Amino acid sequence: MEKLLTEYRKNLGDFEIVEFDEGRAAELQSQLDIDVPVDLHWTWNYASEAEELRALYERGKRGQWNAETDVDWRIPFPRDEWFLPKVGLQLMPSVLDAMGADDATCRAAAFDEFAWTFSQLLHGEQGALQLCGQLTNACPTMDAKFYAASQVVDEARHVEVMAKFLQRKIGTIYPISPTIKLLLDKLLEAPTWKMKTLGMQTLFEGIAVGIFDLIQKGSTNPLLSHVIRRVKQDEARHAAFGILTMRRTVKEATPEEMVEMEDFAFGVLEALNANQQLDMLQLLGPKYGLDPQNVVQMLQGVDDWGKFNSEVFMHTVVPNLARLGLITERTEASYRAVGIMWGDRFGAGIDSDVQASLRPQ
Ligand SMILES: [Fe+2]
Ligand SMILES: [Fe+2]
């Protein structure tokens, strides 16, 4: 199987990384027009064919909220206070603390890194908005079209709330990471609604649920906690749509289609992981005296590297793929080899918000 983003790969110790130079990153960021195939599908069956999706659509309608009026934007987000744990969650403050940096330096690095991560989540939300628009066209049943259309509104709200958070409370929106831009374009360019659903609803939404849950559990700022709580409840419905749709898709798939989906899932996650936050470290590391490649090499030398590296993946996306039968004996060892899978392939169980969204009304 050929890996994604092959032209940006190089070896760093025993690990293969994906890395961009500044010029190429800028080129990718300025590529705004993407030629994407969308199979538009009409249906004349207005009755419900997939009841579980209709139920999720109802849940989505009840769960609507207003990013302007349901968020108390007066709550401050101070630059000089800790809002996430100093060590363990964010990369730069953890490394700087281990190197003996003072608290103010760690805090400044934490703020910058958070601004970068939150900017990537914002750009990812725009990707989800675009992709759900495609799904509204391409999905075959009215239930799926209804659901995708309701998700379009959810994703517009997420773009709105995150852009406002960055503009009003942080003051910076960082450009999209070139790795994320290329992978989002891959999902938007995927030829069928099934592959688009696998890519966005199962892979990216699954990672999003993991990141949002880790931020939510660590956040000590009430505004951040509130915004993340709201967004994550929506994302859990989206992840549930991915699971429900992929369950049907997997049941009907031929062995060749299964191999295609298994390889696509591994390819996207592996490429994302191969960047090892280098896109962030290249931009922000030098400000704090951190050499990006040194940081990555140092981390990979730590005992149990795979355990903390896999945390976001093992939260939701990998266990979901395993439950769907999209991680098999053929591919499991590759997941483990690159530090995406660790311990039990089913992780610690289903996220409680995703579980709630899967429950019948
Ligand atoms: Fe979203
Ligand atoms: Fe979403």
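# Pockets, irons and cysteines

Helix 4 is the biggest contributor to the wall of the largest pocket, giving nine residues to the lining. That's a handy place to start walking through this structure, which is a predicted model.

Let's stay with that pocket for a moment. The largest pocket holds about 1300 Å³ of space. Its lining takes in 45 residues, and those closest to the centre are Thr117, Ile207, Ile211, Gln277 and Val312. Which elements give two or more residues to the lining? Along with helix 4, the list runs through helix 3 (91–98), helix 6 (178–189), helix 7 (193–218), helix 9 (255–274), helix 11 (292–300), helix 12 (305–309) and helix 13 (311–315). Sort the lining by class and you get 25 nonpolar, 13 polar and seven charged residues.

Now on to the second largest pocket, where the volume comes to about 410 Å³. Here 15 residues make up the lining, with Leu32, Gln126, Gln130, Lys181 and Asp185 nearest the centre. Two elements, helix 4 and helix 6, each give two or more residues to this lining. Helix 4 turns up again with the largest share, five residues. By class, the second largest pocket is lined by six nonpolar, seven polar and two charged residues.

While we're on helix 4, have a look at His123, which sits in that helix (residues 103–138). Is His123 buried or exposed? Its relative accessible area is 17%, and buried means under 20%, so His123 counts as buried. Leaving aside residues up to four places away in sequence, His123 touches Ile173, Tyr174, Pro175, Ile176 and Leu184.

Next, the metal. What coordinates the iron ion (ligand 2)? The donors are OE atoms of Glu155, Glu205 and Glu235 plus the ND1 of His238, with Glu205 listed twice, and they lie at 2.1 to 2.4 Å. Read along the sequence, these donor residues follow the spacing E-x49-E-x29-E-x2-H. The iron ion (ligand 2) has company: the iron ion (ligand 1) is 3.0 Å away, and Glu155 coordinates both. Glu155 and His238 link distant parts of the chain, with Glu155 in helix 5 (residues 142–170), His238 in helix 8 (residues 222–252), and the two positions 83 residues apart.

How accessible are these donors? Glu155 is buried, with a relative accessible area of 0%. His238 also has 0% relative accessibility and counts as buried. For Glu205 the relative accessibility is 3%, so this residue counts as buried too, given that the cut-off is under 20%.

Glu205 deserves a closer look. This residue belongs to helix 7, an element that also gives two or more residues to the lining of the largest pocket. If you set aside residues up to four places away in sequence, Glu205 touches Ala128, Gln151, Glu155, Met200, Glu235, His238 and Ala239. Three of those partners, Glu155, Glu235 and His238, are donors to the iron ion (ligand 2) as well. For a sense of scale, take Lys164, 41 residues from Glu205 along the chain: the C-alpha atoms of the two are 21 Å apart.

Then there are the cysteines. How many disulfides does a search of the whole structure find? The count is zero. A disulfide is a covalent bond between the sulfur atoms of two cysteines. Cys139 shows how the search comes out for one residue: the nearest cysteine sulfur belongs to Cys132 and is 8.9 Å away. A disulfide needs the two sulfur atoms within 2.5 Å, so Cys139 is in no disulfide. Cys139 is buried, at a relative accessible area of 0%, and Cys106 is buried with a value of 0% too.

Last stop, the enclosed space. Rolling a probe the size of a water molecule over the atoms shows where empty space is left. The search of the whole structure turns up one cavity of 30 Å³ or more, and the largest cavity has about 30 Å³ of space. What lines the largest cavity? The residues are His315, Thr316, Pro319, Asn320, Arg323, Gly349, Ile350, Asp351 and Val354. Helix 14 (residues 317–324) gives the most to this lining, with three residues. By class, the cavity lining has three nonpolar, four polar and two charged residues.

Note on methods. Residues are numbered from 1 along each chain as its sequence is written. Chains are lettered from A and ligands numbered from 1 in the order in which they are written. This is a predicted model: local features need pLDDT of at least 70, side-chain atom pairs count only at pLDDT 80 or more; totals for chains, interfaces and linings use all residues. Side-chain values use heavy atoms; hydrogens and water are left out. Donors are N, O and S atoms within 2.8 Å of the metal (3.2 Å for Na, K and Ca); water is not among the atoms, so sites may look incomplete. Helices (H or I, at least four residues) and strands (E, at least two) are DSSP runs, numbered from the N terminus. Buried means under 20% relative accessible area, exposed over 50%, partly exposed in between (1.4 Å probe, protein chains only). Contact means heavy atoms within 4.5 Å. On a 1 Å grid over the protein atoms alone, a cavity is a set of points where a 1.4 Å probe fits but cannot get out, and a pocket is an open set with protein on both sides within 12 Å along at least five of seven lines; lining residues have an atom within 4 Å of a point. Grid points are joined across faces, edges and corners, and a volume is the space filled by probe spheres set on the points. Ala, Val, Leu, Ile, Met, Phe, Trp, Tyr, Cys and Pro count as nonpolar, Asp, Glu, Lys and Arg as charged, and the others, Gly among them, as polar.
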